[in-house]
Amino acid sequence: MKKQLLSFLILLITATVLYGQGRTVSGTITDEEGAPLPGVTVTIKGTTTGTVTDIDGNYNISVNDGDILVFNFVGFDSQEMAVGSRSVLDVAMSGATELSEVIIVGYGSQRQEDLTGAIKVVSAEKLAEVPTTSFQDALQGNAPGIQVVARDGAPGAGINIRVRGIGSINASNEPLYVIDGLPITSSAADVDATDFDNGGRSANPLSALNPNDIENIVILKDAASTAIYGSRGANGVILITTKTGKKGPAKINFQSSFGFSDFAFNNLLEPLNEAQYRQLYLEGKVAAGDFATQAEAQVLYDSQFPIETRGDTDWLDEMTQTGKTQQYDLSVSGGSDNLTYYISGSYLNQEGTVVNNKFDRYSSRINLSGRVSDKLTISNNLNLSFSNQRGITDGTRWQAPFYLAYLMSPAVPVFDELGRYYGDHASFFMGGNNPVGHLNEDKREREQTRIIDNLSASYEIMDGLTFKSAWSFDLLQVTDYLFANGRYGDGRNVGGSAQEATTGVTNWQGTQTLTYSTTLSNQHNLDVLLGYEAQEVKTRQVDTGYEGFSHPELKLLSVGANPQAETFRSRTAYAFNSYFSRVNYDFEGKYFGSVSLRRDGSSRFGPDSRWGTFWSVGGGWTISNENFMQGVSFIDNLKLRVSYGVTGNANIPNNTTTNEDGNFRWAELWGFTPDYDGEPGAIPLTVGNSSLTWETQENLNVGLDFYGFNNRVNGTVEYFKRISSDLLLEDPLSSTTGFPAVFDNVGDMENSGVEIGISADVISNNDFLLTVGWNQTFITNEITKLDEPIVDGSFRREEGRDFQEFYVYGWAGVDPATGDGLFYTDETKSETTNDKNEAIRFYDGKSATPDHFGSFTLSASYKAFSLTTQFNYQFGNYVRDAPGWVIHGDGRFTPRSTSTWAFENRWTTPGQESIFPRHFWGNRQEWNERHSTRYLFEGDYIRLRTVRLAYDLPTSFISKAKLRSVQISTTFNNFWTWVKDDNLHFDPEQTINGIYNTVTPISKTATFAINIGF
Amino acid sequence: MKHLIKNILAGCLFLIISSCGEDFLDIQPQDSISNSQFLQTLDDFEAAIVGGYSQMSLADWYGRYFLLIPDIMGEDIKANASANRGAAWALFLGAPTTTQNENREFWQEIYQAINLTNSIINSDFTPIASQQAALNQVVGEAYAIRALAHFDLVRLFAQTYSFTADASHIGVPIVTEFDVDSRPTRNTVAEVYAQVIADFQQAITLMTIGGSNTTFTREAAQALLARVYLYMGDYNNAETLATDVINSGNYTLVDSANYADQFLVGDSPEAILEIAMTATDNRGSDHIGGMYKETGYGDYLPAQDLFNLLDSLTDVRGTLFLRDSNLDGGIYAGVDGFGRRVNKWPSAGSAIATDNVSVIRLSEVHLIRAEARMRKGTPDEAGALADLNLIRERSAPSVTFGALAGTALLDEIMLERRRELFAEGHRIFDIARTGSDLIRTDCPAPGSCTRTYPEDRFILAIPQVELDSNPNMVQNASYGS
């Protein structure tokens, strides 16, 4: 171990110190496939004498006959060879040990075992196990402390990630995404000119990246690793490194996959059929007192749903289908002495489980690196992508498929007598919505074009001292197109409407760094980083609409007759300007220390409070390298890490209700959006707060890493505490001031928890490898300072409580005698009432924050076969059915349909125990109060996330076809789910904040793939 | 080692030189202007006052709810079974549910307008002499909007003026200056009315330039002030101001043939102040018309009580309805057995929501004067009848109306207000200010059929957000703490 470290140091200083030795031995070091390995350290065992292989993998070193040479290289097993009498000693290095992996950290790289911070690497292999549109999905279950939630199961939809809980109330909780050094535009909110993305759920700017281009993903969790990102590090940082070429002959890789998908969750609600709906309709009309008898009510029914056109439509069935995915990837990589390359092209086509819902992506990447001279290297990573997405509406809006599926009357047919989509119910039933027609005839599309480029030059000023200048840009253009026809549905009153909105985001960054690495007295290893960075992000939007479309086939804006209400347009920008430094030090690979410092200035804050300083200190102790541990043979490596530091969160959100731009919340402004009678006008827009600043976060991390039993078992246990303070809040004002609130830094919050990750090779021999893994996160959240409680929907944010604890009316079920709904009058739950006005909201110990979550993996490989399985789970949280109060409204919304669950479990006879109260139209009893425990369900689940079976064709077989490798694989995702709550009728995974909102259910997918290497 | 230090220093120097400097971070918004740079020219003031009208045109004020809520709380409009918006008030359910926040919207939008007008009124900008009259007009309009804003708030959130003898009961906070930290108490109703009168009078003095009927003019302020006096029971002043408006000669009643068009087309000779709803600034599906029509939300229906007042064969106002065959049968039958819908705000198709909405029109000024003449110390019955006849004969030219006197005449004037002004946002205010009971014969839900004056729920609840953020705020009776 120690030797390994020492050898590595020698590599770092690239110093060759030769002492007088007997004779010279030389050789070539290659990898398993014979490609030369430059940079391998070659040392004489027991000495500090050594050298490094050159670009062709050659070395020579002076030795004595009795010497033993030690060969060390990152990512390979160390090898020892006795020199004997040989003068040529070639070595093929093999195997990779996890231990000496070099991983990318902010503005540099470090060996895994030198880390003082909490960092998790997710490899490309892990990404391949979950074939999806975006790499984020594949992170689920693969890193402790990370919650990954795909709230929407539609193709190309958004994914939320929480690193170690929720640290902010109003500012973003999403981590910072950095691709090859550039913090990229990652939030759907940054490009949401229309409601295409359903508040960020249904669209994802990161879906532009082809997951197959990613070499690995590094998640930075604690201050030691994130403080270098200063005012943007508080939510954790996700570093994405793309693939690069390696010296050697061209390797061509072709990969193709296709898959099928269907809803993963088996207990989704079912809609009524016509007979059931008719029964409910007639019963409900009589129960409401509108008619004396069902026969009289039948007359109105027959007039609204004429017998000759009456349907028996299963709207859910009509709107859904088996999804299909196909993907083709071709890449070539390789390199010569001075130039390495990785070039790829990819096409993805995904058809969703909802009719006409799809995602297409074309992307290409060219990563080049050229060595101009011994000292100067220039590289450029260029990624182009174009995607086309057809989405749906969610929530409780009238076009939302998973809302209308239950509310639409099954008596409404899909088509009318002319073969058109039926719209004759426009005057009395939900605006004449025809969700099938909407999906087929209307438009809801997004085109996204994205160019990301990272250009850098690094120059080695002298041994160990390197200057690097990196210039990156991310150009993003998003165009949404929405069309609603003029005959039925949302466009019916205006002869059809069309909306087109374009958002352009220009993001550039320049980063200048100096790094210096040295080893003093062969014991003190020092890495110093100094840097300066500037970034500017500009966004412009134009959003315009037209109404009045005369021909049903013509849906473009240009055909519309009447320009619509408002053309929205905006331009905004923000900039960051930063100085940063980091010093990493270690003593003999035993004691580690790191200090980082960043000074950030941001245009998002007022001139008086623009600059802030962020910092961290970290220490590590490799206990296993101490002499007293040498006798403990089953431990290979045992390391204790502690870090503490301060980071920030500068993600001030836009206030969409008041139209305030998050970039200028500090300023007192007049806005110019209003107009009246053709004249432009101005209104006071923001109250302004010149002292507005970022949220700060103190972050403590204590971790213990363990490798043992010849590296067959490894594990990490970490304790963390995140103390967020100066939380950005809308501090309520008296509305008589003309403003509802001032945005201010008030409020503190704490997240603390324990993460455990363990992996063990239970069986490991030449043919058979069986590995089990488990990772587990316990997390608690508490608001530690908040002057006034804030009611936010079903939650109330209150000091001393979990941020996500529900504050709701207590549902006490149905009175068997009367069929009335009952509420508990208060938290004592001792009395019930059928009048909601006599009840109050209270905390019932139900929170959307899980007690714990994690995953369990089991992977096995036997010869050329490999099997990977992963179970994910989450326990102790509650989820809220947001549309429940409408879909299960006890007749409140005349005469909308409902689900079979409600129909079959409604109260009909005195004395009957039932789940649902009696049903009557126009029910205003408010038993369907949305903020009540009636619509809360236990969110506990276990899901078989992945089963992947792969087979590598034998080399003997494929070499005849001049192929390098062929792998065929099949992957099943989400094929089994257990939930605790039998009454849960939506997918438990689809809430990040505990709120389910009629999104597309998550899919189970079966994917078949072939991967051919030439 | 020396070499090393030199290199590091050189590198540091480079980092510093390549810095962008402080102005790199000085990014100003491109679609808004900071307070300190605004209201510096006459143009700025003109833009600001347009913002004030835009505020009035919002769906939560004159765009929709202010013309809806007072009517649905009366007997002439009833909630459809599916009614959602405003139903808490229409059915006197008490505190609104979390989805129904019309009271909050009124409160916030109207106080926003007050803040805007305060910025204009309190500005110390001095124009060049030739612009003084134009600036005065703008400032006068700001006073008028502020007056109307306080008047509308006090009508919505406080009991009517005569609720106590000296109007000393709680009103709404008067705000004439911006103070971010203010947590005001409620002024008395008398204080609010005094402020409203002072502001309207200031407006009348300052506004010297005539305008269109979609912005405030001297006469619009006078007409509204007449209404204020009527609510206060100051009938002499109400009559005087109504007479000033009528005698200005700027307005004439439209004839029967064009009656309906004054709502659809707008800009009629009768309009004194109306809110413009052009193709670009209308409220779309949130327009007042959409609340009544089957093609909109269709939440509210005309009640039998209203049909009983209007003869569709002789009275042009009886034709402002549309048949809706889906309202056939059951208890929804209209006068002829068919369901009807209010069609006073009829714009449809690609011109949806483009009908201007009335704030005040000449016929109301006549009815104000008629009522004032009857109620004043020495009633002027002949004058009152003349005003009444102008209105009812215009709408029903074929009918010969007999003479009326005394209480019968006053009652008829009050009934005429219902006929003439339904769906324009007056009814519950008229019920309350005349101390009447609400009696619905066509009642949408039990519990809302009869409400006896004084009635706590003739006014709205103070919004919860205000109570939460302002410890000095007091909730209205019967709406909880």
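This passage describes the confidence, domain division and nonpolar cores of a predicted model, with emphasis on chain B. Residues are numbered from 1 along each chain as its sequence is written, and chains are lettered from A in the order in which they are written. Local features need pLDDT of at least 70 and side-chain atom pairs count only at pLDDT 80 or more, whereas totals for chains, interfaces and linings use all residues.

The model scores ipTM 0.90 and pTM 0.84. Chain B has an average pLDDT (the predictor's confidence in each residue, from 0 to 100) of 89, with 90% of its residues scoring at least 70.

By an automatic or database domain assignment, chain B comprises domain 1 (2-208 + 437-469) and domain 2 (210-285 + 304-407). Contacts (C-beta atoms, placed from the backbone, within 7 Å) join 28 residues of domain 1 of chain B to 21 residues of domain 2 of chain B. On the domain 1 side, the largest share, six residues, comes from α7(B), helices being DSSP runs of H or I of at least four residues, numbered from the N terminus.

The largest nonpolar core, a set of buried Ala, Val, Leu, Ile, Met, Phe, Trp, Tyr and Cys residues joined through C-beta atoms within 7 Å, contains 171 residues; buried denotes 20 or more other C-beta atoms within 10 Å of a residue's own, these atoms being placed from the backbone. B:Phe200, B:Ala203, B:Ala221, B:Ala226 and B:Val228 touch the most other members, while α6(B) supplies the largest share, 15 residues. Both domains of chain B contribute at least three residues each to this core. Beyond four places in sequence, B:Ala226 touches residues including B:Ala238, B:Leu241 and B:Ile368.

Terms used:
Two residues are in contact if their C-beta atoms, placed from the backbone, lie within 7 Å. Helices (H or I, at least four residues) and strands (E, at least two) are DSSP runs, numbered from the N terminus. A residue is buried if 20 or more other C-beta atoms lie within 10 Å of its own, exposed if 12 or fewer, and partly exposed in between; C-beta atoms are placed from the backbone.
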